[in-house]
Amino acid sequence: MTTPRLSIIVPNFNYGRYLGECLEAILAQSVQPLEVIVVDDGSTDDSVAVAERHVARAPHVRLIRHEANRGLFDAFATGLAEARGDYVYLHSSDDRVLPGFIERSLDLLARHPQAGLCCSDPASFEDGSSVIRRNALGWSDRPRFFSPVELAEVMAGGAVAGHTTIVRLDAFREAGGYRPELRWHCDWFAWLAVGFRHGVCYIPEALAAIRSHGASYGAAARTDRVQQREVLAAILRLLQSPEYRDLLPYFARGSVLSHFGDEVVRAVLGDPALWSVETLMLIQEPLHVWSRGIGQAIEGRTADARRADEDGVGLQAADAAIARGQWRRAYGLLARLARQHPGAETVEPFAGVAMLIGRDEAARRALDRALAQAPDDAALKGLQAGLDGRQTSAGRAEDGPAGFLAALDEVEVELARGARVTAAERLAAAIAAIAGGAGLARTAAAVWFRGAGAATRLADCVRGLAGTAARDAADRISLDHVESVVVFGAGEYGALARDLAHRCGWAVRYIVDNDRRRWDTLVDGIPVAGPDRLAAHDFDLIIVASRAHGPQIAEQLDALGMTHGFDYVSFLDPITVGPVELRLDVPGLDR
């Protein structure tokens, strides 16, 4: 097994006091890199002299000088242009590698050449201290390779620690390298882009450490909240661009933007161009946490909500599904609870989820039933008003985003003072100004920050403001996200649906049919099951493959909490897959 060739690039500007320690730690490694390229970016201290001493000692250490300071990105670019290795380690001159870093990392990469990078547990040390503090990621208890899907599963809001990362040079360049517009988060984005395209190797140990001091580039820059929000907005725009759109599902599944907390939520609220369904997928966890935090300040959860749930798990399970972005599971759980206990504490979160996924009529029916029993309930009336407001809202004020952010600051001040009523009034006024709809404003004031489903209402308000709700989209149903399907119907339409699935590259997991005689049999090698199997939600889409019984099947799926155009499509639906528009309707067949 050939050891991969490694180039270490060390950009430096006026860090002569740290550079010697950095280079000594590299030269003390049990396995040496192919080269160490020090790029001095116009330093005015003793950095050049320190680097030259190490060049004289070790022939694989090189020094490249910029006559004037050109910035960190230019320094990295200079080093990358000179790199001859298969892999590179971009090493800040104030950080330190620990014993075994190169040997352990290259050995694992040699055993998994498909990996885009290798990382280990992040660690840090205080300036002037030798004590290393490890922050275990907990992805595994042994060194191993993670595929992109596995990485998204274990990420859980975490990140790839850049100071521990050795990256394959071709994968790094293919991912766009360091993007200057992302500034102090450019390395964070680059490592995730490489990892979610090629997979990563991970070593559950501290093998490199970052120095904690306020003068570092990222630490100093992140204190500027305006600049930080600009960078976060740039990240969101990139993920929705053609160049990086393939990464969006992995970023969403791994909840990686939760790392930025309420700052990313405020970045979205301040930029209407980002108000999209894709953005909601990416920020669902910080959105949930942020709205819940404000909600607890306005009105805590009530015990009645838990008592209304007889088995004690339904609302908790729905909350968990909302936090993970599993809207169809949340809809199904809440639909059952709302039917069993049609009160404010169950109907309110159900209606919020229903409105989010475009099931306005289901929300309206549930609200009508609940209001028949509790006509004076303010929360239910607020939701009903909001539902009406969604249909009548007209435009947004020109200064909406800036005014809205300022209003949010005022709301938080009022909450800190304990002035809940004033806070609600200010919030209602802000929503009314930006949305142009009093109904939406009343919805926000009445129920935006209530317990179960709080994130859903917040997301729905953002979607309403952005004008991106499902009912306002084009008539065609986009199925670009689909990878696996279930075909409902084992007859001739079923055969056509299976053929379509194969041509679209979708895996047919199983067939569902209402005819018990077909259950537990195989059709073209695919198992047939009853409708109960759909409760597993182990698919991306259901294709209703029956003309004569299509409406009845749609009613079945609605009763299971499924949503047309979201969880299932029928042969009468026009759909798009990539750039191709399709229609599943085939004349002449009636079963």
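Q: What makes strand β2 and strand β3 count as paired, and in which sense do they pair?
A: In this predicted model, β2 (residues 35-41) and β3 (residues 61-66) share six bridges in the parallel sense. Pairing requires at least two bridges, so the two strands qualify. One bridge joins Asp41 to His66 of β3.

Q: Which helix belongs to the β-α-β unit with β2 and β3, and why is the unit given its hand?
A: Helix α2 (residues 47-57) completes the unit, which is right-handed. With the strands pointing away from the viewer, the path from β2 over α2 to β3 therefore runs clockwise.

Q: How are α1 and α2 oriented to each other, and why?
A: Helix α1 (residues 16-27) packs on α2 at about 20°, and the axes are 8 Å apart. Angles under 35 degrees count as roughly parallel, so α1 and α2 are roughly parallel to each other. Their crossing is right-handed. On the α1 side the contact is made by Gly16, Leu19, Gly20, Leu23, Glu24 and Leu27, and on the α2 side by Ser47, Val50, Ala51, His54 and Arg57. Sorted by class, the contact of α1 with α2 has five nonpolar, four polar and two charged residues.

Q: What orientation do α9 and α11 have, and why?
A: Helix α9 (residues 225-239) and helix α11 (residues 262-269) cross at roughly 75°, and their axes come within 9 Å. The range 65 to 115 degrees counts as roughly perpendicular, so that term applies to α9 and α11. Arg225, Gln228, Arg229, Leu232, Ala233 and Leu236 of α9 meet Glu263, Val264, Arg266, Ala267 and Val268 of α11. This contact of α9 with α11 comprises six nonpolar, one polar and four charged residues.

Q: Why is α5 called oblique to α7?
A: Helix α5 (residues 148-155) and helix α7 (residues 186-198) pack at about 125°, with 6 Å between their axes. Roughly perpendicular ends at 115 degrees and roughly antiparallel means over 145, so α5 is oblique to α7. Pro148, Leu151, Ala152 and Met155 represent α5 in the contact, while Leu192, Gly195, Phe196, Arg197 and His198 represent α7. The contact of α5 with α7 divides into six nonpolar, two polar and one charged residue.

Q: What makes β5 and β8 edge strands?
A: The open sheet has four strands in the order β5-β12-β7-β8, with mixed pairing. β5 (96-97) and β8 (133-134) each have a single partner strand, so one side of each lacks a neighbour in the sheet.

Q: How do you know that strand β7 and β8 pair?
A: β7 (residues 123-126) and β8 have two bridges in the antiparallel sense. At least two are required, so β7 and β8 count as paired. Ala123 has Arg134 in β8 as its bridge partner.

Q: Which strands are at the edges of the sheet with order β16-β17-β15-β14-β18-β19, and what makes them edges?
A: They are β16 (522-523) and β19 (568-570), each of which pairs on one side only. This open sheet has six strands and mixed pairing.

Q: In what sense do β14 and β18 pair, and over how many bridges?
A: Strand β14 (residues 484-488) and strand β18 (residues 541-544) pair in the parallel sense over four bridges. Val486 stands opposite Ile542 in β18.

Q: Which strands does α24 lie across, and at what angle to β18 does it run?
A: Helix α24 (residues 550-559) lies across β14, β18 and β19 and runs at about 155° to β18.

Methods
Residues are numbered from 1 along each chain as its sequence is written. This is a predicted model: local features need pLDDT of at least 70, side-chain atom pairs count only at pLDDT 80 or more; totals for chains, interfaces and linings use all residues. Side-chain values use heavy atoms; hydrogens and water are left out. Axes are lines fitted to C-alpha atoms, for helices over the stretch in contact, and angles run from 0 to 180 degrees between N-to-C directions. A crossing is left-handed if the near helix is turned anticlockwise from the far one by less than a right angle, and right-handed if clockwise. Contact means heavy atoms within 4.5 Å. Ala, Val, Leu, Ile, Met, Phe, Trp, Tyr, Cys and Pro count as nonpolar, Asp, Glu, Lys and Arg as charged, and the others, Gly among them, as polar.
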